[in-house]
Amino acid sequence: MTDARLRYGRASLALSFLVQGVTFALLVTRIPAIQERYGISDGLLPVFLAAVPVLAGVASVVTEKVVARVRPGVVLRWAQPVVMVALLGVGAGTEVWQVALALGVFGLAVGALDASMNMMGVSLQRAYGRSIMLGFHAAYSLGGIAGASMAWAGAHWDLSLLVSYLPAVVVLLPAALIGSRWYAEGRTAGDVVAPGRAQAASVPFRLLLPLCLVMAFAYIGDSTVSNWSAKYLQDVLGGSEQLATVPYNVYMVTTLLGRAVGDLGVRRFGAVAVVRGGSVLAAVGFGVVAVAPGAWWGMLGFTLLGLGLCVIVPQTFAAAGRMFPGASDVAVARLNVFNYVGFLVGSPLVGALGDAWSYRGAMLVPMVLVLATLVYARSFGAEPARYGGGHERARAADVG
């Protein structure tokens, strides 16, 4: 594969990450408006919210099977438009069954999209021969900030959901489709190329398990911030309603900053050191949040959280690719399921502990889980697994 093809592939994939960041932020930041539009009760809302990651996890598993027959770029090219059309469906419906259908389609498509995007990111990083994975996730964070800002504008001007969503889809859907012409994946010498069944057999779960746990722990921390930061700052730390909207934005900005420079850190100090540093910094952030005497100390804690957590997820995908170079698509698809496991566990866990004990105490749980990443940090520098009966050869594949 030529250097130009790699550069175009990297840019087009970064665009897809950015588009997905915008799309997902537009959905999750308008959940109260969705609930009001469709008259969804407080008791029923968690069912709707849980269905999306459950279906996404199912789709991630299915994607593992699909990419044994077609390249991840083909999956991504079709999944991304479906996600965006489903977002419009969420805004356009009038009945509960309609939003349920739209969210179901969104969940299935986003699982395939997340898995295929990260498969391609791992493959391109391998072709580049240096860390570039954090850059893709930085594009996602930038998209999340843009999407949250659009959602704020829609809420501020009291726009309908459809009117809020439509401009982003009209602009970004054609851009993503055009960009998909340059999707590329690369495999370098040392990859083991095997049929789909052989690939699946060559990813023993016991070897992948440490990375799966790290992925789940990271998303428990992330979902704690996204779901509880506003309530915590206002109800526990005594911040104003306006100030309570700031922690998540600060978290997203620091996530973007950390990911923007994270690849340089990995190249200089190695993935193990960066993940260890991020884990310690995130744990300190949770600790500061738990003992904060006031709102501004809480803001400091959430700032540290963004800088610490942001490096863990991209490096977990990258580590799976290094560990299983001849079966990276399978490894990434399976690992991606634990993204949704962490998302499902994190918010209810903190909420239950907060109600039964205290929200300050509840913040110590994700702190301990993030610190547990230190136990598994060596997996981020693991040598490629050896496959019996395989032979090594170079392969370069363009996804046109």
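## A salt-bridge network and its surroundings

Glu64, Lys65 and Arg334 are joined in a network of salt bridges. The model in which this network appears is predicted. Side chains of opposite charge can pair when their charged atoms come close. Within the network, lysine 65 forms a salt bridge with glutamate 64, and the closest N and O atoms are 3.7 Å apart. Glutamate 64 also meets the side chain of arginine 334 in a salt bridge, at 3.1 Å from N to O. This second pair links distant parts of the chain, since arginine 334 belongs to helix α14 and glutamate 64 to helix α3, with the two positions 270 residues apart.

The members of the network can also be described by their accessibility. Glutamate 64 has a relative accessible area of 7% and is therefore buried, because the buried class covers values under 20%. Lysine 65, at 47% relative accessibility, counts as partly exposed. Arginine 334 is partly exposed as well, with a relative accessible area of 24%.

The two helices bridged by arginine 334 and glutamate 64 also pack against each other. Two packed helices are described by the angle between their axes and the distance between the axes. For α3 and α14 the angle is about 170°, and the axes lie 8 Å apart. The arrangement of α3 and α14 is therefore roughly antiparallel, because angles over 145 degrees fall in that class. On the α3 side, the contact is made by Ala50, Pro53, Val54, Ala56, Gly57, Ser60, Val61 and Glu64. On the α14 side, the contributing residues are Val330, Ala333, Arg334, Asn336, Val337, Tyr340, Phe343 and Leu344. Glu64 and Arg334 thus belong to the helix contact and to the salt-bridge network.

The same two helices return in a description of the surface. A nonpolar patch is formed there by Val54, Val58, Val62, Val66, Val70, Leu108, Val341, Leu344 and Val345, which together have about 600 Å² of accessible area. The elements giving two or more residues to this patch are α3, spanning residues 45–66, and α14, spanning 328–356. Helix α3 makes the greatest contribution, with four residues. One patch member, valine 54, is located in α3. Valine 54 has a relative accessible area of 41% and is therefore partly exposed. Val54 and Leu344 are listed in the patch and also in the contact between α3 and α14.

Elsewhere in the chain, a further salt bridge joins the side chains of aspartate 235 and lysine 231, at 2.9 Å from N to O. Both residues lie in helix α9, which covers residues 205–236, and they are four residues apart, about one turn of the helix. Lysine 231 is partly exposed, at 35% relative accessibility. The count of salt bridges comes to three.

Helix α6, residues 133–156, offers a view of a buried position. Serine 141 is found in this helix and, at 1% relative accessibility, counts as buried. Setting aside residues up to four places away in sequence, serine 141 touches Met252, Thr255, Leu256 and Arg259.

The loop between α6 and α7 (161–179) contains aspartate 158. The backbone at aspartate 158 has a positive phi of about 55°, although this residue is not a glycine. Aspartate 158 has a relative accessible area of 68% and is therefore exposed, whereas serine 141 in α6 is buried.

Notes: Residues numbered from 1 in each chain as written. Predicted model: local features only at pLDDT ≥ 70, side-chain atom pairs only at ≥ 80, totals over all residues. Heavy atoms only, no water. Patch = residues over 30% accessible without salt bridge, like charges linked within 9 Å, V, L, I, M, F, W, Y side chains within 5 Å. Areas by Shrake-Rupley, 256 points an atom, 1.4 Å probe, with all protein chains shown as cover. Salt bridge = Lys/Arg side-chain N within 4 Å of Asp/Glu carboxyl O. Buried < 20%, exposed > 50% of the residue type's maximum accessible area, 1.4 Å probe, protein only. Axes fitted to C-alpha atoms, helices over the stretch in contact; angles between N-to-C directions. Parallel < 35°, antiparallel > 145°, perpendicular 65-115°, else oblique. Contact = heavy atoms within 4.5 Å.
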